[in-house]
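Here are my notes on this one, in numbered points. Have the viewer open as you read.

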Amino acid sequence: MKVIACYNIKGGVGKTAAAVNLAYLSAREGFRTLVWDLDPQGAASFYFRVSAYVPAGAEGLMRGSSLRASIKGTDHENLDLLPADFSYRNLDLLLGQAIKPQRCLSALLKPLEGEYDYIFLDCPPGITLLSENIFRATDVLLVPTIPTTLSLRALDQLLKFCRREGLNDFSILPFFTMVDVRRALHRRIVEELPKQIPAMLTNFIPYAADVEQMGLRRSAVGAFASQGRSARAYEDTWWEIKMRLEWIEEDGLRATYAEGERMA
Amino acid sequence: MLKTYHYALPRQAGSEALSNILRAAGLPFLCTPVPTLERCYYDSFDWRLYAANLLLFSEKSRDGRVRLRLRELDSGFDLVAIDVTDIPCFAAEMPRGVMRDRLLPVLKGRRLLPLAHLTGRRDEFRVFDAERKTVMRACVERHRVDTGDRQVRLRERVEVTPVRGFTEPLHAVLPLLERYPESQVLEGDLFDEALQILDRHPLDYHARPTLKVERGDTVGAAARAIFLHLLGVIEANEDGVRQELDADFLHDLRVALRRTRTLLREMHHILSAPHFAHYRDEFTWLASITGPVRDLDVQLEASARYADLLEPAQASQHQDIEALRGLLRSQRTAQRRFLLEGLASSRYRSLKKGWRALLEAQERWTGAECDEPAVEAALAMMRHRHARVMERGEKLDAQSADKNFHAMRKQVKRLRYLIELFDGALAAHRAHGVLTNLKALQKVLGEHQDFAVHIAVLEQIQESCATQDRPSPAVRVIAPLLDQLRERRRAVAEDFASVFSRFAKDEKARKKLFRVPSDADHQESAQ
């Protein structure tokens with residue numbers, strides 16, 4: 001079982017779209033896949049047409065007993081969802097009361113080992129105790145990044161934080177989203193940044209209307225526009241993530257946090 | 001656990017009945033007819049998928065799209081589905097992904113064989129909630145199975161599959177389906193029904209005799225039953241060998257042959273001397289025509305890793321290794337010709353015919369020698385063979401000749417076959433300790449033999465190349481390969497002593513095995 005977190009300190013960068021679309025592709029290939037919508041806004045749950053409601057709430061989930069019972073099947077074979085709940089806004093408080101506050105998420109996911117091949121965590125923005133839990137539970141931290149100054153700043157903050165805290169048990173794979181190739185700044189950043197951060201994925205998600213359509217269609221882009229630019233970009237990105245996972249497994253390659261310093 | 005529910009409904013009633021039931025339950029739904037389908041189920045010759053609780057089938061739709069589905073047999077849940085252009089013959093030929101990952105460890109090198117061909121159609125139902133989210137799936141299947149000379153209609157069936165976390169629609173629909181006039185709950189998949197019509201029985205092939213030799217059985221009856229089973233295995237694998245479906249057909253045929261020869265040798269006293277001498281010679285002949293191809297199969301498989309044996313600089317000699325593999329392949333082609341000629345010969349036919357006639361003539365398996373209790377006879381044979389294993393093993397050391405290691409290996413195999421053939425009579429659990437050490441011994445001797453055969457074949461090629469004006473480029477790589485293989489053979493020969501010592505010292509397991517089993521042993525074994 002591999003845990004892949006779609007995370008960024010900054011909001012509105014395409015974390016949910018990435019989690020939903022990559023999980024859809026994983027399931028389509030036959031991998032048993034779970035998306036855990038950790039964001040109280042419940043956007044991933046909305047995309048999958050599942051109510052953002054967990055009967056036991058965040059507190060019940062934290063006890064672990066109701067986690068399995070809260071999982072819902074989606075419209076797609078092999079793809080399940082652990083929906084969001086508004087009570088997730090209190091997750092930081094609940095985690096703070098736990099005995100090992102930074103390892104709760106890891107412990108909760110452990111029983112699902114063997115049931116799923118991939119678990120995608122759709123994370124809320126910010127850098128909180130929940131974020132630290134995510135860092136400790138995940139194998140890969142996917143960081144969707146818009147090629148703009150503020151987004152790069154957020155990525156820089158994340159890399160520095162991980163380095164400072166000695167969080168090196170997972171790989172950080174940033175990738176560009178919402179790339180508008182008509183903009184000179186976007187083009188320049190997409191070209192230059194991977195030279196400084198070799199871990200950066202080479203594929204990127206273009207700015208396209210069909211990703212916005214996901215909200216209307218309430219489905220992954222591959223399910224309603226499989227031949228579109230965005231669907232293909234997600235396919236390429238998913239392929240690259242799997243390749244990176246293979247390399248990581250074979251060679252133990254990890255992203256180096258020194259890259260963050262170079263950026264600064 | 002989530003599972004698929006199967007119901008048979010009256011003929012032609014399926015889709016309309018299901019629609020009415022869903023309406024009565026107040027469930028919104030969408031029905032999509034899937035045009036004419038051709039469905040084919042696959043498994044290996046020895047039912048590996050079925051034994052692993054898996055069901056593999058292809059569905060070809062009218063538009064030509066072929067989808068391969070892997071289903072969990074007991075729950076009826078689809079595990080993986082992929083689109084393919086051709087049905088792969090082997091798991092290794094499948095595109096990389098979950099399907100391949102799931103099938104490869106189960107099937108290994110066994111070929112996928114078609115089991116049942118179905119044609120028909122399906123109406124797919126998607127039940128959804130107010131958010132238009134799928135909360136239950138159902139379908140109506142109408143199929144015919146091809147029996148070869150005619151198409152037999154299967155029962156029209158409704159399959160209902162819940163979606164995780166949405167149980168309410170299921171609870172609403174199942175009682176209505178059960179109450180529907182003439183409906184019937186079905187156990188098992190469409191596959192089970194098709195197999196029944198085709199008179200195929202899952203897991204009906206066992207390379208190893210599965211019959212239980214009971215304590216009251218005579219040695220004649222037990223031997224006859226085991227010989228008949230082994231003859232059946234030989235015959236069952238013939239076609240696969242002829243058509244070269246996969247390498248395991250020849251392997252299973254040869255194992256059955258070796259088991260037959262072992263038992264024949266051990267039980268020669270229960271056959272008349274002329275019968276024994278005749279069949280001993282004939283089965284030896286059969287072994288001689290089947291052996292070289294099998295050896296070359298093993299060698300060709302190993303030769304794919306020859307580059308790993310060489311130093312990095314020599315490993316670049318891929319072309320030379322490929323030339324060598326080419327020579328091995330041409331040797332195999334020649335040997336296979338002999339094998340096919342042998343299998344097509346009247347000698348082979350009369351061997352089988354005569355042997356079967358002898359086995360089926362029950363009166364020949366009675367009499368003073370045959371009427372001894374099977375258990376005591378089996379134990380006596382094992383004690384004798386065990387003594388031979390000990391005797392040969394004690395004489396072997398790292399410097400012993402290949403032929404002595406080979407002779408030892410044959411003794412070990414004979415002992416193992418005897419234990420396995422009679423484990424029912426011995427109360428199986430008792431053989432466990434000896435078998436564990438025996439397998440370890442067999443492994444080390446098998447490795448030694450493999451290296452010895454590789455070396456002999458390569459030396460032979462090297463010798464024949466030496467007399468040619470323009471020898472094959474393969475000759476360049478043979479010398480370094482031989483060095484490596486000899487070194488490995490030496491290392492294995494050195495390992496033998498410790499493995500043999502473990503086997504020899506295990507008095508407890510040996511005593512347990514050789515004691516005449518009591519009722520308590522049999523009760524324990526049955527539990």
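**Notes on the model**

1. Searching the whole structure turns up three cavities of 30 Å³ or more. A cavity here is a set of points, on a 1 Å grid over the protein atoms alone, where a 1.4 Å probe fits but cannot get out. Grid points are joined across faces, edges and corners, and a volume is the space filled by probe spheres set on the points. Before going further, some ground rules: this is a predicted model, with local features needing pLDDT of at least 70 and side-chain atom pairs counting only at pLDDT 80 or more, while totals for chains, interfaces and linings use all residues. Residues are numbered from 1 along each chain as its sequence is written, chains are lettered from A and ligands numbered from 1 in the order in which they are written, and side-chain values use heavy atoms, with hydrogens and water left out.

2. The largest cavity holds about 60 Å³ of space. Its lining (residues with an atom within 4 Å of a point) includes A:Trp36, A:Met62, A:Tyr88, A:Cys104 and A:Leu130. Which helices of chain A each supply at least two lining residues? They are H3 (57–63), H4 (91–97) and H5 (104–109); helices are DSSP runs of H or I with at least four residues, strands are E runs of at least two, and both are numbered from the N terminus.

3. On chemistry, that lining splits into 12 nonpolar residues, no polar and no charged. For the bookkeeping, Ala, Val, Leu, Ile, Met, Phe, Trp, Tyr, Cys and Pro count as nonpolar, Asp, Glu, Lys and Arg as charged, and the others, Gly among them, as polar.

4. Over to chain B, and strand S3 (residues 54–60). Six of the seven residues in S3(B) are buried, meaning under 20% relative accessible area (exposed is over 50%, partly exposed in between; 1.4 Å probe, protein chains only). S3(B) runs antiparallel to S2(B) (residues 29–43), with five bridges joining them; strands pair if DSSP finds at least two bridges between them. B:Glu38 sits opposite B:Lys60 of S3(B).

5. S3(B) also runs antiparallel to S4(B) (residues 66–72), this time through seven bridges. B:Leu56 faces B:Leu70 in S4(B), and B:Phe57 has B:Arg69 as its bridge partner there. The two strands make a hairpin with five residues between them, and B:Gly64 in the turn has a positive phi of about 90°.

6. S4(B) is mostly covered too, with five of its seven residues buried. Six bridges pair S4(B) with S5(B) (residues 78–84) in the antiparallel sense, and B:Leu68 has B:Ile82 of S5(B) as its bridge partner. The hairpin of S4(B) and S5(B) has five residues between the strands, and B:Gly76 takes a positive phi near 75°.

7. How many disulfides are there over all chains? Zero, taking a disulfide as a pair of cysteine sulfur atoms within 2.5 Å. For A:Cys162, the nearest cysteine sulfur belongs to A:Cys123, 12 Å away. A:Cys162 counts as buried because its relative accessibility is 0%. B:Cys139 is in no disulfide either, and the nearest cysteine sulfur, that of B:Cys31, is 10 Å away. B:Cys139 is buried, with a relative accessible area of 10%.

Definitions and conventions
On a 1 Å grid over the protein atoms alone, a cavity is a set of points where a 1.4 Å probe fits but cannot get out, and a pocket is an open set with protein on both sides within 12 Å along at least five of seven lines; lining residues have an atom within 4 Å of a point.
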